[in-house]
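Biologist: Before we discuss any detail, could you put the model on the screen, and then take me through how helix packing and internal cavities are read?

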Amino acid sequence: VLPSVGTGSLSARETEGRSNISSGDKEAHKLLQPVDKTLKTMALEFAEYQVCVDVFLTTQSYTDVASISVVPSTTGGRVYYYFPFSALSDPAKLFNDLRWNITRPQGLEAVMRVRCSQGLQVQDYSGNFCKRVPTDIDLPAIDSDKTIMVSFKHDDKFQENSECGFQCALLYTTVYGQRRIRVINISLPCTSMLSNLFRCADLEAQFTYVVKQAANGIPSSSLSQVRDQVTSTCINILQSYRQYCASVSSSGQLILPEALKLLPLYTLALTKSIGLRNDGRLDDRSYWVSIVSSVSVSLAVPLVFPRMIALHDLTSRDDEDPLIPNPLTLNSENIQDNGIYLLENGEDGFIHVRNAVNPATLEQIFGFSSLAGAPNLLVLEQFDNVLSRKVNEVVNEIRRQRCSYLRLRLCQKGDPSG
């Protein structure tokens, strides 16, 4: 239920948002900003007293995630969002999210500072924290799922064949009350050759930066502007490589650096993600922004470019093979009419059932031979057969890797849910 009474009361802005978006209102993005400063003031007071807030939203309707998420984002927490909440299928996810939230590795009352060599300076921090002074960030809590992104800028020239040093120092209290400091040092070589920079580029780290920058721009700019900025970033990177590093070639030939050859594909996926699509709900977009703000490098790519795994032929794999088979390329050529596929992004898992699936396969995996009347939100049970065991092993291994209890949705070709 929307908290509409008392301090920090909220109103239903979703109807206004739908009308603004449908009419092309250039100010529609303002509905992705907090409604006022009340909750922000409350969050700063929590952070001052080292209180971290996590919010669990089990809802069937609009809850103004844009306003509520200010509190966890300022205090080092996060939003857990279950929409539409199902009393049949979601209790297991809620239980596991609560359990992991309490038992995961974490520190309390933390202060972090990043230092770098002469010629560079820290430009900005991105993540869930409170910043009172320019050099430090305060973290009432920091855990193994959170990531802080630090961007640097040049303010002087580097010497060729020299190195740049970076240091991250985190002062924190363990859950056992011990005050500790963790220091991470790294030294990287400098180069004046742009070709070396492209050859050693880290695609996942660079794309994570692009995703976070897009999320930061969503509440302050129109979606079309954010999409254009994302596309321009990709174009500028590839244009620089073609202009300064590539050999002479036809103007119509696409030339990509080996390390960044998937950047255009990831960029296209980002522009189609729930955060940048025009047809998304306000709460869904606000939740996406809150997740991206602290997402790790390993989870940023699958969040916008999900992994697809075939489930119907798992029995052909040996027990010695890795639990999770190699993911399939996301194109229609890899989808068979008699197949069942799992598409997962670390938050949700979509089980896509094709039209010509053998009813016996459905019976083995789900316990029913027809999808007529089957629920969209699925509780995956294990039955007494090899295929069911292997499917459950795959899903459980993905949940372990992602540190997230995937919410499974069943969808067919042509369904709106798919």
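Modeller: What follows takes up two helix pairs and one cavity, and it should be kept in mind throughout that this is a predicted model.

Biologist: To start with helix packing, at what angle do helix H7 and helix H10 pack, and how far apart are their axes?

Modeller: The angle is taken between N-to-C directions and runs from 0 to 180 degrees. Here helix H7, residues 203–217, packs with helix H10, residues 282–292, at about 135°, and their axes are 9 Å apart. Angles over 145 degrees would count as roughly antiparallel and those from 65 to 115 as roughly perpendicular, and H7 and H10 are therefore oblique to each other. As for handedness, the crossing in which H7 passes H10 is left-handed.

Biologist: Which residues of H7 and H10 meet?

Modeller: On the H7 side they are Val-211, Lys-212 and Ala-215, and these meet Trp-288, Val-289 and Val-292 of H10. Sorted by class, this contact of H7 with H10 comprises five nonpolar residues and one charged residue, with no polar ones.

Biologist: How would you read the second pair, and at what angle do helix H12 and helix H13 pack?

Modeller: The same reading applies. Helix H12, residues 359–366, and helix H13, residues 386–402, pack at an angle of about 55°, their axes being 8 Å apart, and that angle makes H12 oblique to H13. In this pair H12 passes H13 in a right-handed crossing. Thr-361, Gln-364 and Ile-365 of H12 meet Leu-387, Ser-388 and Val-391 of H13, and the residues of this contact divide into three nonpolar and three polar, with no charged ones.

Biologist: Turning to the interior, how many cavities of 30 Å³ or more does the structure hold?

Modeller: A cavity is a set of points where a 1.4 Å probe fits but cannot get out. At a threshold of 30 Å³ or more, the structure holds one, and the largest cavity has about 30 Å³ of space.

Biologist: Which residues line the largest cavity, and which helix supplies the largest share of the lining?

Modeller: The lining is made up of Phe-207, Val-210, Val-230, Thr-233, Cys-234, Ile-237, Leu-263 and Thr-267. H7, helix H8 (223–244) and helix H9 (263–271) each supply at least two of the lining residues, and the largest share, four residues, comes from H8. By class, six of the lining residues are nonpolar and two are polar, while none is charged.

Methods: Residues are numbered from 1 along each chain as its sequence is written. This is a predicted model: local features need pLDDT of at least 70, side-chain atom pairs count only at pLDDT 80 or more; totals for chains, interfaces and linings use all residues. Side-chain values use heavy atoms; hydrogens and water are left out. Angles under 35 degrees count as roughly parallel, over 145 as roughly antiparallel, 65 to 115 as roughly perpendicular and the rest as oblique. A crossing is left-handed if the near helix is turned anticlockwise from the far one by less than a right angle, and right-handed if clockwise. Contact means heavy atoms within 4.5 Å. Ala, Val, Leu, Ile, Met, Phe, Trp, Tyr, Cys and Pro count as nonpolar, Asp, Glu, Lys and Arg as charged, and the others, Gly among them, as polar. On a 1 Å grid over the protein atoms alone, a cavity is a set of points where a 1.4 Å probe fits but cannot get out, and a pocket is an open set with protein on both sides within 12 Å along at least five of seven lines; lining residues have an atom within 4 Å of a point. Grid points are joined across faces, edges and corners, and a volume is the space filled by probe spheres set on the points.
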